[in-house]
Amino acid sequence: METDRQAQLTFHLTGRIDAPGVQPLQAGDLRPALFARFRDLTNLRYDFPLVLAPNEVLSLSELFDRALAGFPEDADRSQLVHHARAIELDVRTRVAGGAQGDLSELVQKSIARLVLERDEVFAKNAESLRAALGADGPVVDCDRAMPSRLFAHLWRAAHTRKGRALRAEVERLVLRLSEILRADFVRSEAGRSPANLKASIGSSFESAFDFDALSRTLARNAPVEALPEARRQRIESLLEVLRGQRFYPSSDGGAQPYEFVFESASAALEAYHDRLPHAIELARAMAIADLEVRGEYRESWHEPLFADFGANGLDPSDLDSFPDYLVCVNSGKMKAPENARLVEMLAMGLPMKIVIQTDDLLGGDRAGDEHLAFGLHNRHLVSTALSLSDVFVLQAGASSLPAMRNRLAKGIAAPGPALFSVYSGAGGSHGPIPPYLVAAAATESRAFPAFVYDPFGGGDWATRFRLDDNPQPELDWPVHRFSYEGADMQRVEEELAFTFLDFAACDLRFANHFARVDRERWNGTMMTAPDALARESKGLPDQVPYVMLVDGDDRLHKVLADQRLLREGRRCLGMWRSLQELGGIHNSHAQRLLEAERHAWEAQAIPSVESSEVVPASPEPATPEEPVEPVETPQTDDPYIETARCTSCNECTQVNAKMFAYNENKQAYIADPDAGTFRQLVEAAESCQVAIIHPGKPRNPDEPGLEELLERAKVFA
């Protein structure tokens, strides 16, 4: 027993494996236990692949469900649904295998393949379904290229809407200004010439008019006042600017429009500065043209006003009419100058929509052997953007993008700068684990949490910042029900948290930071990863964290993690807790204020001896008081809390928010004694400030380390 304990502690502290019972972990051998159900994603109806339709983004499953909703509920519907699922599965499987193309093309190929194995009813239903799908567009899977394609698709939709509005306004102004010049020409001598009158009438009625006589008649009745030359030149100059603009394509072809999608921050910034004079010129021309067509332009008043138009750049309201720039950058290729350009864009409030894609979260940006960089570039940029307060910021793993597509579109369409930080899950060294699952694991483990900061969402952080796209955001780590077959061939169920250590176990490069323990050597020295991560590091540890992994045959293993990974997990947890505070979860300021208010209330409700008044003795004889019976401690093996004495310190709920809960008076009670372990009960009792938690007896006699835990629990009996 002592030998096993020593071997486990030695590995944890030094990474050395020098005793039997602790085995090295071979790269690719194991994966997190919670992944056991997700060997083949193609058999699941989930958010991928996506269809990038012209006016929307939908998952393949959503499109098929929408198509089926249009068919009546009758006896043939079940067969129709069955056929639809077969086509959907075939498309999903082929896309996962690398097939590309539009939805209509992929569906048609699936139907052509499946119809060879089916009957005429399938062929009929398949054609009905194909017609009912309606939407069409490129189909994309959750791979390295997906984030940039998705953002480009959303950007083009917003760009088209803005372009349509600006183009309509420019063409309106061009038409009205042209009418002014045309009307002046008609009144001019050249406009009244016989040749021009003949050309304006056309050849159909040429013989019906004497154009020389008509010209002389119009000359006698022509208005004396013509368009002033200065105004004519001004209108002609305005028309030249409006017709020559290159920010959006004009309906008549016109000049070649600018490109606004870049893969380099430096190139985007250079293009913005080069085009800024033309943007100012166009905005100035539109403002003057609008005054001209309304007949309100006054040369003496407006000439000096517009002389310095745009000298200090354009107002945000003016910039909002122009296209935003889309900059897609991979964090693995970012150098210091590129990072500086991105910060400059955000700080200046330029109309830039910046997408930072991280492919390798754990190894792409190494800060040294003693620490993992955790996506160093994108974290620095996100922190900077949040500090600026007027930048739309969204961070998410690629797996979360479909669920957050409305927020993505809102950020793309928002005025001013926006930053999108995305983890694709397609880098690193994850073996057969698909990018979707890797990205989801990064979000679950808090290594790459999802959040949105919308500066237009309200006036404070409570309305601007949100974390609700994360699983169970109120907890340190999300907890899932996990069931498996125990050594006695019986079903075992327990709550299993997914931590940073589980995420690190997905990466083959970190196999040497884990060690597998033979089942017969599982003992009280081993503690769950969430328990180890929640503890403060004080001196030499007496227990070693482990995670639950499964092999290719779905056999369960307990795998130790070394001290370095534990340290990185605590850093990850610290960053997550900081985000929780920003999102109003376990906010320390609110908790301190609540505690102060509670103490103030108690001070008023229970006056001190010094301040209490002395009550004079009553002349009437006092009746003897009934003896007060002492409160008996419940005699039970079940855990319980002396709820009436609870001080609402949150210590127990932070250990396990499902086992411990608050009542309407914000005082703790045990909501579900089976929602956690006996170890958590003991640790909650030890951390309780007023010692009111009584762990009782273990409910699971097979829980590891019970001998030690029972000894620690004696003081709380």
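Two strands pair if DSSP finds at least two bridges between them. Keep that in mind for the views below, which come from a predicted model.

**View 1. A hairpin built from β3 and β4.** Strand β3 covers residues 50-53, and β4 covers 56-59. Just 2 residues sit between the two strands, which together make a hairpin. They pair in the antiparallel sense, with 4 bridges holding the pairing. Pick out V51 and you'll find L58 as its bridge partner in β4. Do the same for L52, and the partner in β4 turns out to be V57.

**View 2. The other side of β3, where β5 joins in.** Here β3 and β5 run antiparallel, joined by 2 bridges. V51 shows up again, this time with V139 in β5 as its bridge partner. Put the strands together and you get an open sheet of 3 strands, in the order β4-β3-β5, with antiparallel pairing. So which strands stand at the edges? They are β4 (56-59) and β5 (139-140); each has a single partner strand, so one side of each has no neighbour in the sheet.

**View 3. Side chains along β3.** Which way do the residues of β3 point? L50 and L52 go one way, while V51 and A53 go the other. Are these four buried or exposed? All of them are buried.

**View 4. The mixed sheet.** This open sheet has 7 strands, and its order reads β6-β7-β8-β10-β9-β11-β12, with mixed pairing. At its edges are β6 (261-262) and β12 (465-466), and each of these pairs on one side only. Now look at β9 (residues 392-397) and β10 (residues 418-423): they run parallel, and 6 bridges join them. Within that pair, V393 of β9 stands opposite L419 of β10.

**View 5. F514 in the largest nonpolar core.** This core has 153 residues, and L242, F503 and F514 are the ones with the most contacts inside it. Helix α10 (residues 265-293) supplies the largest share, 16 residues. What does F514 touch, once its neighbours within four places in sequence are left aside? Its contacts are F11, L25, L501, A504, A505, V547, V559, L560, A561 and L565.

**View 6. Another core, lying apart.** Separate from the core around F514 is another one, made of 25 residues. Its members include L58, L60, A67 and L129. You've met L58 already: it is the bridge partner of V51 in the hairpin view.

Technical notes: Residues are numbered from 1 along each chain as its sequence is written. This is a predicted model: local features need pLDDT of at least 70, side-chain atom pairs count only at pLDDT 80 or more; totals for chains, interfaces and linings use all residues. Side-chain values use heavy atoms; hydrogens and water are left out. A nonpolar core is a set of buried Ala, Val, Leu, Ile, Met, Phe, Trp, Tyr and Cys residues joined through side-chain atoms within 4.5 Å. Buried means under 20% relative accessible area, exposed over 50%, partly exposed in between (1.4 Å probe, protein chains only). Contact means heavy atoms within 4.5 Å.
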